[in-house]
Amino acid sequence: MENPANVHDVADLYLQTATDRFKELKQSAEKAMAQISDETKLNWAPNEESNSIAIIVKHMSGNMISRWTDFLTTDGEKPDRDRDEEFEGIISSKEELRDVWNRGWDVFLQTLSKLKGEDILRTVYIRQQPHLVLEAIERQMSHYSSHVGQIIYVAKMIQDDDWQTLTIPRKKKPL
């Protein structure tokens, strides 16, 4: 969209841009996770106070399902969400990891795709606190970005010398 003509056009452009950035985050995490061939390492964490890739995936998925199910009409912290459980247990296979991951992203991206420019100034609730839709999206951008960074960093630690960079390698100039 070139030179938006009105507020709704700007809001639509924002929604498309935000959606594109979220999809880029998803893709970066997936590229990092794809490098891990030993499924047992999906549950590895550097210490007891850190989370494994599997735990981060469970948490992100639980958050996405809670926040983005009935996004415009119900509180984003659903009463049936067991947040503490998201930080327990293991994921036993890459297939299970992918299923958990995609379940959350599907709910989130489907909801995001249904939003219209006129929705971004509507009020939604997260833990009974009011947020504009715009603020809720930005809140999740920050939250999901931090967790994707964690996934990438843990994958990089696991892969060590076998890590394949996701961006421009060091000492290489971009084309």
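This report describes how helix 2 packs against two other helices in a predicted model, and then turns to the two largest pockets.

**Helix 2 and its partners**

Helix 2 spans residues 53-68 and helix 4 spans residues 133-159; their axes come within 10 Å and cross at roughly 165°. Because angles over 145 degrees count as roughly antiparallel, helix 2 is roughly antiparallel to helix 4. The crossing of these two helices, helix 2 and helix 4, is left-handed, and the residues of their contact divide into 14 nonpolar, six polar and two charged.

The axes of helix 2 and helix 3 come within 8 Å and cross at roughly 30°, an angle under 35 degrees, so that helix 2 and helix 3 are roughly parallel to each other. The crossing of helix 2 and helix 3 is also left-handed. On the side of helix 2, the contact is made by Ala54, Val57, Lys58, Met60, Ser61, Met64, Ile65 and Trp68, while helix 3 contributes Leu97, Val100, Trp101, Arg103, Gly104, Trp105, Val107, Phe108, Thr111 and Leu112. By class, this contact of helix 2 with helix 3 has 13 nonpolar, three polar and two charged residues.

**The two largest pockets**

The volumes and the classes of the lining residues are set out below.

| Pocket | Volume | Nonpolar lining residues | Polar lining residues | Charged lining residues |
|---|---|---|---|---|
| Largest pocket | about 260 Å³ | four | three | eight |
| Second largest pocket | about 190 Å³ | five | two | two |

The largest pocket is lined by 15 residues, and those that lie nearest its centre are Gly62, Ile65, Arg81, Asp82 and Glu86. Helix 2 and helix 3, the latter spanning residues 94-114, each supply at least two residues of this lining, and helix 2 gives the most, with four residues. Ile65 thus appears in two settings, since this residue belongs to the contact of helix 2 with helix 3 and is also among the residues nearest the centre of the largest pocket. The lining of the largest pocket includes eight charged residues beside four nonpolar and three polar ones, whereas the contact of helix 2 with helix 3 has two charged residues beside 13 nonpolar and three polar ones.

The second largest pocket is lined by Ile152, Lys156, Trp163, Thr165, Leu166, Thr167, Ile168, Pro169 and Arg170. Of these lining residues, Ile152 and Lys156 fall within the residue range of helix 4, 133-159. The lining of the second largest pocket divides into five nonpolar, two polar and two charged residues.

Technical notes. Residues numbered from 1 in each chain as written. Predicted model: local features only at pLDDT ≥ 70, side-chain atom pairs only at ≥ 80, totals over all residues. Heavy atoms only, no water. Axes fitted to C-alpha atoms, helices over the stretch in contact; angles between N-to-C directions. Parallel < 35°, antiparallel > 145°, perpendicular 65-115°, else oblique. Left-handed = near helix turned anticlockwise from the far one by under 90°. Nonpolar A, V, L, I, M, F, W, Y, C, P; charged D, E, K, R; others polar. 1 Å grid on protein atoms, 1.4 Å probe; cavity = no way out; pocket = protein on both sides within 12 Å on 5 of 7 lines; lining within 4 Å. Points joined across faces, edges and corners; volume = space filled by probe spheres on them. Contact = heavy atoms within 4.5 Å.
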